[in-house]
Amino acid sequence: MKFNTKTIHGGQEDVDPAYGSVMPPIYQTTTYAQTTPGGHKGFEYSRSGNPTRAALEKNLASIENGKYGLAFGSGLAAIDAVIKLLQPGDEVISTNNLYGGSYRLFTKIFEGFGIKFHFVGMDNATNIENYITDKTKLIWVETPTNPMMNIIDIKACAAISKKYNVLLAVDNTFATPYLQNPLDMGADIVMHSATKYLGGHSDVVMGALIVKDKTLADKLYFIQNASGAICGPQDAFLVLRGIKTLHIRMQRHCENGKAIAEYLISNPKIENVYWPGFKDHPNHQIAKEQMRDYGGMLSFTTKGNNYKEAIKIVENLKIFTLGESLGGVESLAGHPASMTHASIPKADREKTGVVDSLIRLSVGIEDIEDLIDDLKQAIG
Ligand SMILES: *Cc1c(COP(=O)(O)O)cnc(C)c1O
């Protein structure tokens with residue numbers, strides 16, 4: 001099956017045995033009747049397994065070209081499960097331009113449990129090798145990154161992870177499997193905040209992991225069941241429904257994202273536009289090789305880099321909603337310096353490019369003329 005078919009049919013071969021319902025029923029149940037101890041139909045207790053969640057997990061595996069999918073209560077719960085593969089004393093090399101919640105989980109929770117994190121620049125993947133020790137167990141990559149849209153070479157990271165026999169995990173939330181498939185490029189684990197593009201309608205918080213290797217999958221299933229950060233059946237149903245339109249939504253997100261990037265760069269009030277589709281983006285060539293298109297996420301700064309002016313722009317927007325999160329059908333705008341990155345000291349955030357006038361857009365799938373008109377009136 002090709003991608004568009006997989007979003008709809010991947011892992012969904014088993015037709016509902018009761019009534020042949022086309023969508024898997026929402027099995028809103030905690031437990032399953034047994035005829036004799038152990039005599040069940042594959043499900044015993046819904047933390048360990050639930051048929052609606054299982055349908056989603058098979059679909060997740062299919063769209064990421066993996067063998068095993070696991071769904072969690074949030075993206076962070078999925079990352080939490082990955083780090084629980086490690087032991088005190090182990091080391092992780094993570095990209096330094098990273099989702100704030102991942103950074104908080106690593107530094108405020110897992111450093112306390114004796115795991116050491118190195119946050120390093122990966123624009124040139126060879127830099128990773130400078131931090132490898134015999135304690136390194138995991139490389140954590142996010143590409144494109146939030147909010148600067150840096151691009152990291154997944155194949156180059158995979159070559160390093162293989163050379164030193166460490167795991168490579170890729171947070172594929174921004175790109176989605178429509179744009180890139182890290183497992184095909186040699187990654188061991190793909191992670192998603194399904195809250196974003198996979199769900200796609202800003203109505204469910206969920207996380208996912210996808211792997212190919214059975215031993216690794218078994219360890220992660222053990223953690224999923226033992227720690228218990230699963231999602232509910234209703235949410236599994238919603239994400240499964242969301243994924244069925246992922247390809248057509250992403251196609252429009254990409255078209256609108258490109259049009260807005262081009263509009264912004266032509267506006268004399270705009271200083272920089274961060275979007276991997278531009279030829280002068282530092283890693284454009286890598287983006288072109290590893291992604292099928294450039295997505296619907298972009299950031300920009302205004303000339304003069306004025307904090308108050310940036311706040312005014314996001315307040316003036318009418319179709320773009322000012323809010324956190326991304327990846328829904330509706331366009332969202334965010335001001336990282338005062339919102340998602342407010343907790344990072346100004347000097348530190350500016351080092352990674354998060355200056356006062358930076359505005360991040362999650363470009364939705366509305367009519368492009370309306371979106372551009374909205375930006376025009378807000379920027380002035
Ligand atoms: C939102 C997000 C997460 C965290 O996911 P939640 O579902 O909010 O827990 C992790 N990584 C990236 C890139 C995200 O955008």
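These are my notebook entries on what I looked up in this predicted model.

**Entry 1, the sheet.** I began with the strands. I found an open sheet of 7 strands with mixed pairing, in the order 1-7-6-5-4-2-3. Strand 1 (68-72) and strand 3 are the edge strands, since each pairs on one side only. On average, neighbouring strands of this sheet are turned by 20° against each other, direction ignored. I noted for myself that strands of a sheet pair through backbone hydrogen bonds, either parallel or antiparallel. In which sense do strand 5 and strand 6 pair? I read the pairing of strand 5 (residues 167-171) with strand 6 (residues 189-193) as parallel, over 3 bridges. Ala169 stands opposite Ile189 in strand 6.

**Entry 2, helices on the sheet.** I then looked up two helices. Helix 2 (residues 51-63) lies across strand 1 and strand 7 (207-211), and runs at about 125° to strand 1. Helix 7 (residues 214-227) packs on the sheet and touches strand 1, strand 5, strand 6 and strand 7. The direction of helix 7 makes about 20° with that of strand 1.

**Entry 3, helix 9.** I checked the length of helix 9 (residues 246-266). Its 21 residues should span 30 Å at 1.5 Å a residue, and the end C-alpha atoms are 30 Å apart, which agrees. I also listed buried residues in helix 9, among them Leu246, Met250, Cys254, Ile260 and Leu264.

**Entry 4, cysteines.** How many disulfides does the structure hold? I found 0 disulfides. I looked up two cysteines anyway. Cys157 is buried at 1% relative accessibility, and Cys254 is buried at 2%.

**Entry 5, aromatic rings.** I counted 10 aromatic pairs in the structure. The ring centres of Phe106 and Phe117 are 4.6 Å apart and the planes stand at 10°, so I entered this pair as stacked. The pair links distant parts of the chain, with Phe106 in helix 4 (residues 100-110) and Phe117 in strand 3 (residues 116-120), 11 residues apart. Are these two rings on buried or exposed residues? Phe106 is buried at 0% relative accessibility, and Phe117 is buried at 7%.

The second pair I looked up is Trp275 with Tyr294. Their ring centres are 5.6 Å apart with planes at 70°, so the pair is edge-to-face. Trp275 lies in the loop between strand 8 (270-274) and helix 10 (284-290), while Tyr294 lies in the loop between helix 10 and strand 9 (297-302), so the pair ties together parts that are 19 residues apart in sequence. Trp275 counts as buried at 3% relative accessibility, and Tyr294 counts as buried at 16%. I also noted a cluster in which ring pairs link Tyr103, Phe106, Phe117, Phe119 and Trp140.

**Entry 6, backbone details.** Where do I find cis peptide bonds? One joins Thr143 and Pro144, with omega about -5°. Another joins Asn146 and Pro147, with omega about 0°. Pro144 is in the loop between strand 4 (136-142) and helix 5 (154-163), and Pro147 is in the loop between strand 4 and helix 5.

I then looked for positive phi values outside glycine. Asn165 has a phi of about 60°. Asn165 sits in the loop between helix 5 and strand 5, and is exposed at 72% relative accessibility. Ser325 has a phi near 80°. Ser325 lies in the loop between strand 10 (321-322) and strand 11 (332-334), and counts as partly exposed at 30% relative accessibility.

Methods. Residues numbered from 1 in each chain as written. Predicted model: local features only at pLDDT ≥ 70, side-chain atom pairs only at ≥ 80, totals over all residues. Heavy atoms only, no water. Phe/Tyr/Trp six-rings, centres within 6.5 Å; stacked < 30°, edge-to-face > 60°. Helix = DSSP H or I, 4+ residues; strand = E, 2+ residues; numbered from the N terminus. Buried < 20%, exposed > 50% of the residue type's maximum accessible area, 1.4 Å probe, protein only. Disulfide = S-S within 2.5 Å. Expected span 1.5 Å × (residues − 1). Pairing = 2+ DSSP bridges. Axes fitted to C-alpha atoms, helices over the stretch in contact; angles between N-to-C directions. Contact = heavy atoms within 4.5 Å.
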